[in-house]
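I am opening a notebook page for this structure, to set down what I looked up and in what order. The entries follow my own path through the coordinates.

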Amino acid sequence: MKNETRANLIKQGAIWAFILVELAFFSIAGEFLSVTETAFMDFDNMLLLLKQSAPIGIIALGMTIIMINGNIDLSVGATFALAAIVLLDSMTWPFMQTLGNWAIPLAWLFALATGVVLGAISGLIVWKTGVDAFIVTLGSMLGYRGLVFMYNGEQPTSHLNWTLVDFAEAQFLGLHTATWFLLGAAILLWLLMTRTVHGRNAYAIGNNRDAAVNAGIRVGPHFLWNFMLIGFLAALSAVVFYSESGSVNPNDGMLYELWAITAVVLGGTKLSGGYGSIISTLGGVIAIQLLRKGLGHIGADTETVNLVIGLILIAVLFLDRQLNRKGKEELRT
Amino acid sequence: MAELTRKGLQGFLARQGILVAFAVFMIAFAVANPRFIDIDNVFGVIRSSAILGVMALGVTFVVIGGNLDLSVGSMMSFSTIVVLDLHDKIGPTLAIPSMFAMTLALGAFIGILVGYLKLNSLIVTLGMLSAIHGLTLTYSGGKNMDIADKSGTWFSVFGQGSVAGLPMPILIFAGLAIVLSIILSRTPFGRKVYAVGGNGVAATFSGIPRARVVFMTYLMSSFCVATAGLIQASRSLGSQNTVGQGMELEVLAAVILGGASLLGGSGTIFKTVIGVLILGFIQNGLLLLGLAFYAQYIVTWIIIILAVWLDIAAKRGGLWSRIA
């Protein structure tokens, strides 16, 4: 038992240790290699890093819950794009124009509702048909992307609302708006997963679905709620990001699902379900962004970041396996 | 008696549903627009599906073996870029085998990770998707790759040539499909792939070297990817770094549409070919009907889910899932 808690502690702490190593490495390497004078650990630089982590980060938080459930969602990138289009386009609708600044919360509401509806469609299909979530959301990924193109063809959708831009660029207590949303979402979801029945059920279902059913947990509605939640979060991520940028291309958000899954896995959440933590995912998100920024800082090509992240992901998987191996008799092959 | 025929019909639909759907689509599109079954159009569709198709053939092996391969898209970009680059440096005769060797090495690397080290294939190939993409960009320096002398090289034969009126990509696709189909259904290795994917533990106990079989499926997948990259490079004689981006999921969609279960142990090369053709012909048919290109995304979405749903429904004997 004591060993188990220690192993758990190592796992929970691993991602933060990794972040510290990254910080140390890039700070020291930056001294010798960097072309700029500013230090890597510069305060503003770190604040920017948190802000840039927000779009993928908010999605990754939702993906954590989906994966703890033993499911996966590949459609988040397309949901992200569609919510962004609804956000920007709805502000140009005639009746919205008459509302002045009240159009903003309404546009947010429309965008978030879009995300929830798209999530609900995937969740309902997973629940009612019993088709694996991987396949359902692979299909949704294509279908939702089709809806994105249907909206405005291959043209970008643009609308700049300066009040909104000011809000998105604002800094409160030093942190950017996007960072606040990331941290806020992380805290709420952490509470949800650790302090509520819904959270405990999520772990139970991921651990052993049959046992959960026998224990009287209604698995189907539970799935539905979680898919609605990740749809909401994908839309929230879009709302936060596009409030500032004001223009969305129909291809935006592509491969976001893969980045989000990468962050979640780096944070130690198991694909097979039943194990994972919101806070560790936050660590995974920050670790990836740190790597991205750090490699840029020491003058490496931005392209190499893909190579490094891919290899780190595999290395993490390998180490995790070695850690778990103890005590488990493996079938020799 | 009536009961019997109904059962028989259901069974037939469950087993051959994808073929029936294919036939229905073809007839419906042909009625809607006669140009659809025009021989030039049919060849055009198969030709443009060939690259996706060749990749899907390899992924079929991986999926039957009970694993996933999400890296084929970026691996295809890699082989395309490499063969185009080497073409001007060492000539096509040497460039092609070098490219195959490099792509097979990547496949072998994945095979070792998933087969021998038994790591989760989804995450490994997700990682490789990213890593190979980075490798390609590093290799090319982020620039597009072009062959200097486009008209004076025989290299274009794989993508643009034709034999006896049949375009080369179709011949490669068909030839590879036949060879791989024989390997999968007529050789001990093929049976081992099914055994490993169907029940890995049972396969191990019956003395099948599970690790080596999985390793081989990834090697075959990367061979197919290299072939697809060769066709792609030869067809356009120039390429972006991201030519294969997103194809991994399209390939997977074709394989699933063909009825291969993601849990492993089922699927055939023939059905994958049908899955590839359905995707290609739907895309073409919808365009001929005058619908915008994005209509295919929505139709594909519906078809994939319906296909898998009906397959599952036939197996459990009820349309709706029993999840509470």
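**Entry 1: a loop residue in chain A.** I started at A:L173, which sits in the loop between β2 (171-172) and β3 (175-176) of chain A. I kept in mind that this is a predicted model, and that every value below is computed from it. The phi of A:L173 comes out near 55°, a positive value in a residue other than glycine. I noted this because most residues other than glycine have a negative phi. I then asked whether A:L173 is buried or exposed. It has 5 C-beta neighbours inside 10 Å and therefore counts as exposed, the limit for that class being 12 or fewer.

**Entry 2: a loop residue in chain B.** I next looked up B:L237, which lies in the loop between α10 and β4 (238-239) of chain B. Its phi is also positive, near 55°, and B:L237 is not a glycine either. The surroundings I found for B:L237 are those of a buried residue, because 20 other C-beta atoms lie within 10 Å, and 20 is the number from which a residue counts as buried.

**Entry 3: helix α11 of chain B.** Staying in chain B, I went through α11(B) and found that 10 of its 11 residues are buried, so that the helix is mostly covered. Among the buried residues are the charged pair B:E248 and B:E250, and the list also includes B:M247, B:V251, B:L252 and B:I256. Just after α11(B), I recorded a positive phi of about 100° at B:G259.

**Entry 4: B:S151.** For an exposed position in chain B I turned to B:S151, in the loop between β1 (145-146) and α6 (157-160). With 7 C-beta neighbours inside 10 Å, B:S151 counts as exposed. I also took a distance from this residue: B:S151 and B:R186 are 35 residues apart along the chain, and their C-alpha atoms are separated by 42 Å.

**Entry 5: α3 and α5 of chain B.** I then turned to helix packing, and asked at what angle α3(B) and α5(B) pack. Helix α3 (residues 72-90) and helix α5 (residues 121-140) of chain B pack at an angle of about 20°, with their axes 8 Å apart. The two helices are therefore roughly parallel to each other, since angles under 35 degrees are classed that way. The crossing of α3(B) past α5(B) is left-handed. On the α3(B) side I listed residues including B:M75, B:F78, B:I81 and B:D85, which meet residues of α5(B) including B:L129, B:I132, B:L135 and B:Y139. By class, the residues of this contact are 8 nonpolar, 6 polar and 1 charged.

**Entry 6: the contact between the chains.** Helix α5(B) came up again when I looked at where chain B touches chain A. The contact takes 44 residues from chain B and 46 residues from chain A. On the chain B side, the elements that give two or more residues are α5, α9 (200-205), α10 (210-236), α11 (247-257) and α13 (295-316). The largest share of that side, 14 residues, comes from α5(B). I counted 32 nonpolar, 11 polar and 1 charged residue on the side of chain B that touches chain A.

**Entry 7: α7 and α11 of chain A.** Back in chain A, I found helix α7 (residues 162-169) packing with helix α11 (residues 219-245) at an angle of about 120°, with their axes 7 Å apart. The contact is made by A:L164, A:V165, A:F167, A:A168 and A:E169 of α7(A) and by A:V240, A:S243 and A:E244 of α11(A). These divide into 5 nonpolar, 1 polar and 2 charged residues.

I followed one of them, A:A168, further. A:A168 is buried, with 21 other C-beta atoms within 10 Å, and, not counting residues up to four places away in sequence, it touches A:T177, A:V240, A:S243 and A:E244. Between A:A168 and A:F181, 13 residues apart in sequence, I noted 10 Å from C-alpha to C-alpha.

**Entry 8: chain A as a whole.** Last, I noted 14 helices and 4 strands in chain A. A compact globule of 333 residues would have a radius of gyration near 20 Å, and the 21 Å of chain A agrees with that. The C-alpha trace spans about 65 × 60 × 35 Å along its principal axes, and buried residues make up 47% of the 333 residues.

Methods
Residues numbered from 1 in each chain as written. Chains lettered and ligands numbered in written order. Predicted model: local features only at pLDDT ≥ 70, side-chain atom pairs only at ≥ 80, totals over all residues. Axes fitted to C-alpha atoms, helices over the stretch in contact; angles between N-to-C directions. Contact = placed C-beta atoms within 7 Å. Parallel < 35°, antiparallel > 145°, perpendicular 65-115°, else oblique. Left-handed = near helix turned anticlockwise from the far one by under 90°. Rg over C-alpha atoms; globule rule 2.2 N^0.38 Å.
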